[in-house]
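Hi,

Here is the structure I said I would pass on. Have a look at it first, and my notes on what turned up follow below.

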Amino acid sequence: MRRPMPPLAELALVRTKEFVREPEAVFWVLVFPLILAVGLGLAFRSRPPDRIPVAVAEGPGAGAAAAALSRSPALAVSTLSPGDGREALRTGRIALLVEPGPPPTYRLDPTRPDARAARLEVDDALQRAAGRTDPLRPREEPVTEPGARYIDFLLPGLLGLNLMGTGMWGLGFTVVTARTKKLLKRLVATPMRKRDYLLALVLARLVFLVAEVTALVGFGWLAFGVAVRGPFVALALAILAGTFAFAGLGLLVAARARTVEGVSGLMNVVMLPMWLLSGTFFSYERFPEAARPWIRLLPLTALNDALRAVMTEGHGLGGVLPELVLLCVWAAVSFGLALRLFRWS
Amino acid sequence: MPYHPPVREAAIRCRGLRKSYGDVRAVDGLDLEVARGECFGLLGPNGAGKTTTIEILEGLTGADGGEVEVLGSTWHDGGSRLRERLGISLQETQLAEKLTVEETLLLFRSFYPQGRDPEEVVAALSLGEKRHARVGKLSGGQRQRLAVACALVGDPELLFLDEPTTGLDPQSRRELWAVVERFKASGGTVLLTTHYMEEAERLCDRVAIVDHGRVIALGTPDELVARLHAPHVLEFQTDPPLPPSLLRSLPGVAEEHVNGSSTALAVRSLAETVPALLASADAAGARLVSLATHRATLEDLFVALTGRHLRDA
């Protein structure tokens, strides 16, 4: 048998082994985020813009109007009886119904965004068919630059979300299970230093972190061409700071819970607001301006902002320093509080 | 063999220990003194306060009142230096199931600045064949041996064992007893809780019988049993059974219990009662089917002290 290493190293090693021997945990940390990325990537893949469905009501002049509209690449045109046309409009299957004139009538619900786009396209097509000439002929330059797509926005957010989830659930469940089995009590009956136990949990996280991050970033790069434009050092430091912050929060949430149900509830209370607010799936700029400074204080917001700044916008360490400092403060405060509040039996 | 209390300093000393959980007084003014090199047993039914007491002594639970001194220091000033000198096996410790025996022992060994070679501990507890087995795959006896191995790997001066053999088969129980006896032979002090008479009588130099959070009797197993007015038990069956009034009139009978067809008499002296019993059976025309005698046990003492049996109290 080998000689024992220092307690912190033994604790971290043991935790790593326990994790690797738990197939479900490996699934949640490594496979699940990939499935999520594939699913969202497919849903939001780049494709030609949708044609807006519009219809022409049957009657005199309907054929000419339909022919004129069909020339527009932005419209999908059908011809319906007036009754069916109104029904289709009412149920949202078409965005606009043209009742041929003269003058023609456009029926639409102006509160629907695609109805207004449809009105512009339909009017444009009919006016031109009626002989309007355009004094200006602007050039169009389509933007498909990498970095501006939804997946470019989404992937750093998913990485942040995954770091939060695995950090908090991983540590929270480990701690509460060890507590219910009285393993914590057995450990504090030894001369083990309590902070070594908690630190080892955080350190063991780092081992899987490399695999977790490589899987997500590598997948994003290979499958969707999401590149890391900033320096890798900045990315690594942002990920480290985020990991420590969520490991600390995970320990804090699990500091006193006695049951897995109890800790699950608390985890959800802590994480759900960040799922919604922290700009993972959509930008938090959509929230009222007064709320944004508070949202920016949340650890997931800081992590997402830092990851996007490095990956998408190509910022270096200097550009994400405030976020990194904020994450380190979260880590230090939550770890300190957790150590103080921790219930060992 | 008469017991001579060791003159060395006390390993454990506690006075007026009190601990309540809500309205329940788990420990209610308990005094205890365990000498170095002694194996001391806390004997009592479930809920008597044994585990609460031992966990207060282990520094895992705070007492509401009273004084505790372990190996010459209190938990207040002892801290982790004190822990280095103790080995602890909790009641039903569940060690991490995904780790192997060897990994578990290395982990516990790493916590102690000085300790025993894990290799040697594995051998001493006959876990050699299982060293690469996961804890989750071990039998109850093997798990319990591993729990004791984790307590011994720091080379403690004082070993706390909370119900070390509860739920084990007789074979595993004897194996564990041998381990405790070896530890004692090497000069170690042991405090154990149990509700097995046999265990207390075999391992313990002294026993405290605990009930409702207090010590109700204290002494060597022999001394305690000798305190009974009737230290012998006479069990027999006759056909037809003898009437209780006749039994009570026999010389030296303190108590009689009828269990179905068999009768147990607590008696002062076998020499006094057995001939009288045989004569009365003969006179009544009853045939003796069986006759057995044994010395009263701690169990009998507990019944005599509390009127309840240990297991169902």
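Let's start in chain B, with Pro240(B), which sits in the loop between β10 (232–239) and α9 (244–248). The peptide bond that joins Asp239(B) to Pro240(B) is cis, with omega at about -5°. Most peptide bonds are trans, and most residues other than glycine have a negative phi. Before you read too much into any of this, keep in mind that the model is predicted.

On the phi side, two residues of chain B are worth a click. Leu71(B) has a phi near 50°, a positive value in a residue that is not glycine. You'll find Leu71(B) in the loop between β4 (65–70) and α2 (75–83) of chain B. Glu163(B) isn't a glycine either, and its phi is positive too, at about 45°. Glu163(B) belongs to the loop between β6 and α6 of chain B.

Are these two buried or exposed? Leu71(B) counts as partly exposed because it has 19 C-beta neighbours inside 10 Å, and 20 or more would be needed for buried. Glu163(B) has 23 other C-beta atoms within 10 Å, so it is buried.

That loop leads us to the strands around β7(B). Strand β7 of chain B covers residues 189–194, and 6 of its 6 residues are buried. Which residues cover the two faces of β7(B)? On one side there are Thr189(B), Leu191(B) and Thr193(B), on the other Val190(B), Leu192(B) and Thr194(B), and all are buried.

β7(B) has a parallel partner in strand β3 (residues 39–43) of chain B, with 5 bridges between them. In β7(B), Leu191(B) is the residue opposite Phe40(B). Strand β6 (residues 158–162) of chain B also runs parallel to β7(B), and again 5 bridges join the pair. There, Leu158(B) has Thr189(B) of β7(B) as its bridge partner. Put β6(B), helix α6 (residues 170–185) of chain B and β7(B) together and you get a right-handed β-α-β unit.

Now for the packing. The largest nonpolar core has 146 residues, and the ones that touch the most other members are Ala238(A), Leu251(A) and Ala149(B). Helix α6 (residues 150–180) of chain A is the biggest giver to this core, with 15 residues. What does Leu251(A) touch once its neighbours within four places in sequence are left aside? Its contacts are Leu171(A), Val175(A), Leu198(A), Ser334(A), Phe335(A) and Ala338(A). Another core, of 21 residues, lies apart from the largest one, and its members include Ile52(A), Ala55(A), Val122(A) and Leu126(A).

On to where the chains meet. The contact takes 22 residues from chain A and 24 residues from chain B. On the side of chain A that touches chain B, α1 (7–20) and α7 (183–188) of chain A each supply at least two residues. α1(A) gives the most to that side, with 6 residues. By class, this side of chain A has 11 nonpolar, 2 polar and 9 charged residues.

As for domains, the assignment splits chain A into domain 1 (7–44 + 149–341) and domain 2 (52–129). The C-alpha centres of these two domains of chain A are 50 Å apart. For chain B, the assignment gives domain 1 (1–85 + 157–173 + 183–221), domain 2 (96–155) and domain 3 (232–295). In chain B, 51 Å separates the C-alpha centres of domain 2 and domain 3.

Two last residues, in case you want reference points for distances. Ala67(A) is in helix α3 (residues 62–70) of chain A. With 13 other C-beta atoms within 10 Å, Ala67(A) is partly exposed. From Ala67(A) to Leu108(A) is 41 residues in sequence and 20 Å in space, C-alpha to C-alpha. Gln114(B) is in the loop between α3 (101–110) and α4 (118–124) of chain B. Why does Gln114(B) count as exposed? Because it has 8 other C-beta atoms within 10 Å, and 12 or fewer means exposed. Gln114(B) and Ala124(B) are 10 residues apart in sequence and 18 Å apart in space, again C-alpha to C-alpha.

Cheers

Definitions and conventions: Residues numbered from 1 in each chain as written. Chains lettered and ligands numbered in written order. Predicted model: local features only at pLDDT ≥ 70, side-chain atom pairs only at ≥ 80, totals over all residues. Contact = placed C-beta atoms within 7 Å. Helix = DSSP H or I, 4+ residues; strand = E, 2+ residues; numbered from the N terminus. Nonpolar A, V, L, I, M, F, W, Y, C, P; charged D, E, K, R; others polar. Domains from an automatic or database assignment. Core = buried A, V, L, I, M, F, W, Y, C linked by C-beta atoms within 7 Å. Pairing = 2+ DSSP bridges. Right-handed = clockwise from strand over helix to strand, strands pointing away.
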